[in-house]
Amino acid sequence: MAEGHPAHKRRAAMLEGRVAIVTGAGGGIGSAIARRLASSGAKIVVNDLDEPAAQAVAAEVEALGREAMVNAGSVADLAAMEAMVAGALERWGTVDIMVNNAGITRDSLLLKMTEEQWDLVIAVHLRGAFCCTKAVTRPMMKQRYGRIINVASVVGVMGSPGQANYSAAKGGIIALTKTTARELAGRNITCNAVAPGFIETRMTEALGPAVREEYLSRIPLGRPGLPEDVANVIHFLASPDADYITGQVIHIDGGMVM
């Protein structure tokens with residue numbers, strides 16, 4: 001399609017005027033999400049505990065010609081997330097898209113997993129998704145529009161040895177997604193989740209060759225995914241093309257889980 005084609009221009013500006021919050025936006029997947037939404041017209045709140053990383057992503061968003069603001073609050077702190085939303089509302093007057101992407105790993109076999117490892121991963125992933133969703137619910141209900149997108153994982157469906165905390169958190173996010181979708185649908189707010197599989201990030205780069213090969217052997221497409229693969233699906237769920245989709249979990253895994 002030619003660059004100047006009207007349909008191309010419409011799609012390039014599909015999120016024009018929308019405001020999106022992306023948590024964990026300083027990392028590989030989060031930064032790809034922020035850039036993808038910005039490329040479609042959205043203003044972006046770039047949230048990450050790593051403030052220099054968040055500042056760098058905000059600069060990338062602004063280089064695309066879109067406005068950005070940085071927030072370094074913890075997603076597990078409800079008051080901090082409410083303040084983040086209030087700041088976006090004060091600056092732009094709306095919050096339309098909430099992408100709950102922030103996450104960490106503290107892997108260990110269940111027998112050796114400490115309470116601290118369990119609590120921290122549950123707090124960042126599951127409590128974080130709860131806090132951020134709760135923080136945007138009232139303004140989204142008031143404006144009768146909202147798109148909440150949660151980043152789960154295939155391990156929340158299939159489990160993963162050594163990741164009881166991470167798997168439980170991601171499974172909880174899937175259940176939270178479905179309940180949120182049911183509660184908020186009457187106000188034109190959708191809530192969906194994506195479940196990435198083996199995606200090339202700093203986290204997966206640290207895996208040894210044998211572990212990587214084991215993962216790749218389970219993927220029918222025969223390759224790892226890219227952060228952009230995740231970002232493209234999240235963009236779709238945030239766009240008008242997905243207005244009639246809610247409560248769903250879309251696997252982005254090259255066929256790993258069918």
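## Strands S6 and S7

S6 and S7 run parallel to each other, paired over 4 bridges in what is a predicted model. Where they line up, Ala-193 sits opposite Val-249 in S7.

On its other pairing, S6 runs parallel with S5, and 6 bridges join those two. One of the matched positions there is Arg-147, whose bridge partner in S6 is Thr-190.

## How S6 sits in the fold

How many of the residues of S6 are buried? The count is 8 of the 8, so the strand is largely enclosed by the rest of the structure.

Now for the side chains. In a regular strand they alternate between the two faces of the sheet. In S6, Ile-189, Cys-191, Ala-193 and Ala-195 point one way, while Thr-190, Asn-192, Val-194 and Pro-196 point the other way. Both sets are buried.

Thr-190 is a good residue to click on. Its place is in strand S6, and at 7% relative accessibility it counts as buried because the cut-off for that is under 20%. Leaving aside residues up to four places away in sequence, Thr-190 touches Gly-146, Arg-147, Ile-148, Asp-243, Ile-245 and Thr-246.

## The whole sheet

Step back and you get an open sheet of 7 strands, in the order S3-S2-S1-S4-S5-S6-S7, with parallel pairing. Which strands stand at the edges? They are S3 (68-71) and S7, each with a single partner strand, so one side of each has no neighbour in the sheet. From one strand to the next, the twist averages 15°.

As for what holds such an arrangement together, strands of a sheet pair through backbone hydrogen bonds, either parallel or antiparallel.

## Helices H2 and H3

Two helices are worth a look against this sheet. H2 lies across S1 (19-22), S2 (43-47) and S4 (97-100), and runs at about 175° to S1. H3 (residues 51-63) lies across S2 and S3, running at about 170° to S3.

What about the two helices relative to each other? Packed helices are described by the angle between their axes and the distance between the axes. For H2 and H3, the axes come within 9 Å and cross at roughly 20°. The two helices are therefore roughly parallel to each other, as the cut-off for that label is an angle under 35 degrees. H2 passes H3 in a right-handed crossing. At the contact, Ser-31, Ala-34, Arg-35 and Ala-38 in H2 meet Val-57, Glu-60 and Val-61 in H3.

## Salt bridges

Searching the whole structure turns up 9 salt bridges. One of them brings together the side chains of Glu-228 and Arg-35, at 3.8 Å from N to O. Glu-228 lies in helix H10 (residues 227-238) and Arg-35 in helix H2 (residues 28-39), so this pair ties together parts that are 193 residues apart in sequence. Both ends are partly exposed: Glu-228 has a relative accessibility of 39%, and Arg-35 has a relative accessible area of 26%.

A second one takes us back to the sheet. Asp-243 forms a salt bridge with Arg-147, and their closest N and O atoms are 3.0 Å apart. Asp-243 is in the loop between H10 and S7 (249-252), whereas Arg-147 is in strand S5 (residues 146-151), so to speak a link between distant parts of the chain, 96 residues apart. Is each partner buried or partly exposed? Asp-243 is partly exposed at 40% relative accessibility, while Arg-147 is buried, with a relative accessible area of 1%. Both of these residues are also among those that Thr-190 touches.

A third pairs Arg-212 with Glu-200, the closest N and O atoms being 2.9 Å apart. Here Arg-212 is in helix H9 (residues 209-217), and Glu-200 is in the loop between S6 (189-196) and helix H8 (202-205), 12 residues apart. Glu-200 is partly exposed, with a relative accessible area of 24%.

Finally, salt bridges that share partners join Arg-35, Glu-60 and Glu-228 into one network. Two of its members should look familiar: Arg-35 of H2 and Glu-60 of H3 also appear among the residues where those helices meet.

Definitions and conventions:
Residues are numbered from 1 along each chain as its sequence is written. This is a predicted model: local features need pLDDT of at least 70, side-chain atom pairs count only at pLDDT 80 or more; totals for chains, interfaces and linings use all residues. Side-chain values use heavy atoms; hydrogens and water are left out. A salt bridge is a side-chain nitrogen of Lys or Arg within 4 Å of a carboxyl oxygen of Asp or Glu. Buried means under 20% relative accessible area, exposed over 50%, partly exposed in between (1.4 Å probe, protein chains only). Two strands pair if DSSP finds at least two bridges between them. Axes are lines fitted to C-alpha atoms, for helices over the stretch in contact, and angles run from 0 to 180 degrees between N-to-C directions. Contact means heavy atoms within 4.5 Å. Angles under 35 degrees count as roughly parallel, over 145 as roughly antiparallel, 65 to 115 as roughly perpendicular and the rest as oblique. A crossing is left-handed if the near helix is turned anticlockwise from the far one by less than a right angle, and right-handed if clockwise.
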